[in-house]
Each structure stands twice: as C-alpha cells, then as structure tokens.
Amino acid sequence: VIGYSRPFFPLFLHVLGAMTLVGAMLAVIVLTVAAWRRPEVAALRRAAFGTLLIVAIPA
Amino acid sequence: MFHITGAFFLVGGSVAAGVLNVLSQRAERPSETALFLRLIRTVLPVIALGSFATLIFGLWLVHELHFAFWSFWIVAAIVLWLLANALGGAGGKHQERARKIAERLAAAGDTRDDELRVILRDPRGNAMSWLAGLATLLLLVDMIWKPGA
C-alpha cells in the first residue's frame, strides 16, 4: 500500500537498509553475548566489532 | 504492521545468519568455525517467526484489502516464499554437516584439514544459502513494486 504512493527505488533502498541494519545488530548482539560468555575466544569480539563496522554502519 | 514486523524478522534474521556463515568460512581454527555455525542456530527462531508471520499476516492483508488472490505479485510472492524456505533449509543442512566436521576437528588438535576446507568452500552447498537470500531479496522487491497490481 505504501509502495503505491512512493517511487520504487528510494523506498526499496530505505526498507532494505533498515532490514539489513536490524540483521546486523542482531548478529552483533548474538556475537557480543557469546563473547561475554566465552571471553577466551578473541575471534568473537573481533567478529562483533567487524560486523558493526562493515555491515551495520553502512546499512 | 505485523506483516512488516514479520518481514523485518525474516530479512534481519537472514542477514544475521549470512554474517555468521561468512564468519565461519573466514575463521582460522575449526573450533571457531564450529562456534560461528552453532550461533546460526540462535537466529533460526527469528527467521522462522518472521517467515510464518509474513505469510499468515500477508494472506490476511490480501483478504482485508480485497486484492485478488491470483494477482501476479501475490502468486510470485508465495512462490518466492516457498523457494526461499526450501533453499534455506537445504543450505542449513550443508552448514550442519560443516559444523559436525569442524567440531570433530576441534576435538582432535584444532587444525584445519582438506575435508573442512572443501565443505566450507563447496559451491553447491553455499549456493543454496545465497540463492535463499536472493529469493528473499526478490520477495522484498515484489512486495514494494507489486508488479501487475
């Protein structure tokens, strides 16, 4: 319904960006909780920060 | 509102699973690969909830807003929904196989071998997950564009 009144491409990019941001933040939460439970695994902390920088911020 | 919330759960969960899948392939040690693949299972309920919410509330909206059930964009959406679920399931089975190998290697010295390398880089297995993502993306295009409506 919303799509009828708006140009397709800007709306598509806006919605896709919002959904990607939600997904990236979900991944960051999952990785951060796992890193908190297993502090000896440095890869989890690196992955959480990398996801925030590479996926969440551009989204 | 529930339909759009479901879509956010479906696409957001798929993005999170995709990120964790990429991380599992880039991990240095099998124990890390197994850990990232195990974490994918924590986002599966989000994808499942989103998947069913989009379908159920979507069909309800079609009824409420008096769209024709046999419109091209609605049939295309249902076909893409089925395709995304089937491909996602097949990709998930491939990831489960990789996780079992990674866990076995993690328990036996934690060094990568060719078996793990081959399954992580298997183009057919990975294609299932990426094609599921493509079907989800096309579903989003279809929902916003509504071709034939």
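Reader: What do the buried residues of helix 3 of chain A pack against?

Author: In this predicted model, the buried residues of helix 3 of chain A pack against helix 2 of chain A, and also against helix 1 and helix 2 of chain B.

Reader: And which residues in that helix are buried?

Author: The buried residues of helix 3 of chain A are A:Ala43, A:Leu44, A:Ala47, A:Ala48, A:Thr51 and A:Ala56.

Reader: How far apart are the end C-alpha atoms of helix 3 of chain A, and what span should its residues give?

Author: The end C-alpha atoms are 20 Å apart, and this agrees with the expected span, because 15 residues at 1.5 Å a residue should span 21 Å.

Reader: OK, what about B:Leu23, what is it in contact with beyond its sequence neighbours?

Author: Once the neighbours within four places in sequence are set aside, B:Leu23 is in contact with A:Leu31, A:Ala47, A:Thr51 and B:Phe36. Two of the names in that list, A:Ala47 and A:Thr51, also belong to the buried residues of helix 3 of chain A.

Reader: Which residues touch the most other members of the largest nonpolar core?

Author: That core has 42 residues, and those touching the most other members are A:Leu31, A:Leu44, B:Leu20, B:Leu23, B:Phe36, B:Leu39 and B:Leu116. Two or more residues of this core come from each of helix 2 and helix 3 of chain A, and likewise from helix 1, helix 2, helix 3, helix 4 and helix 5 of chain B.

Reader: Which residues does the second, separate core include?

Author: The second core has 6 residues, among them B:Ala77, B:Leu80, B:Trp81 and B:Leu139.

Reader: Switching to empty space, how much lies in the largest pocket, and what lines it?

Author: The largest pocket holds about 960 Å³ of space. Its lining is made of 37 residues, and B:Ser14, B:Ala17, B:Gly18, B:Ile47 and B:Ser129 lie nearest the centre. By class, the lining of the largest pocket divides into 21 nonpolar, 14 polar and 2 charged residues.

Reader: And what is the volume of the second largest pocket?

Author: The volume of the second largest pocket is about 780 Å³. It is lined by 32 residues, with B:His3, B:Ile4, B:Leu61, B:Met143 and B:Lys146 closest to its centre, and the lining has 26 nonpolar, 5 polar and 1 charged residues.

Reader: How many cavities of 30 Å³ or more does the structure hold?

Author: The structure holds 1 such cavity, with about 30 Å³ of space. Residues lining this cavity include B:Asn21, B:His94 and B:Asn126, and the largest share of the lining, 3 residues, comes from helix 3 of chain B.

Definitions and conventions
Residues numbered from 1 in each chain as written. Chains lettered and ligands numbered in written order. Predicted model: local features only at pLDDT ≥ 70, side-chain atom pairs only at ≥ 80, totals over all residues. Heavy atoms only, no water. 1 Å grid on protein atoms, 1.4 Å probe; cavity = no way out; pocket = protein on both sides within 12 Å on 5 of 7 lines; lining within 4 Å. Points joined across faces, edges and corners; volume = space filled by probe spheres on them. Nonpolar A, V, L, I, M, F, W, Y, C, P; charged D, E, K, R; others polar. Core = buried A, V, L, I, M, F, W, Y, C linked by side-chain atoms within 4.5 Å. Buried < 20%, exposed > 50% of the residue type's maximum accessible area, 1.4 Å probe, protein only. Helix = DSSP H or I, 4+ residues; strand = E, 2+ residues; numbered from the N terminus. Contact = heavy atoms within 4.5 Å. Expected span 1.5 Å × (residues − 1).
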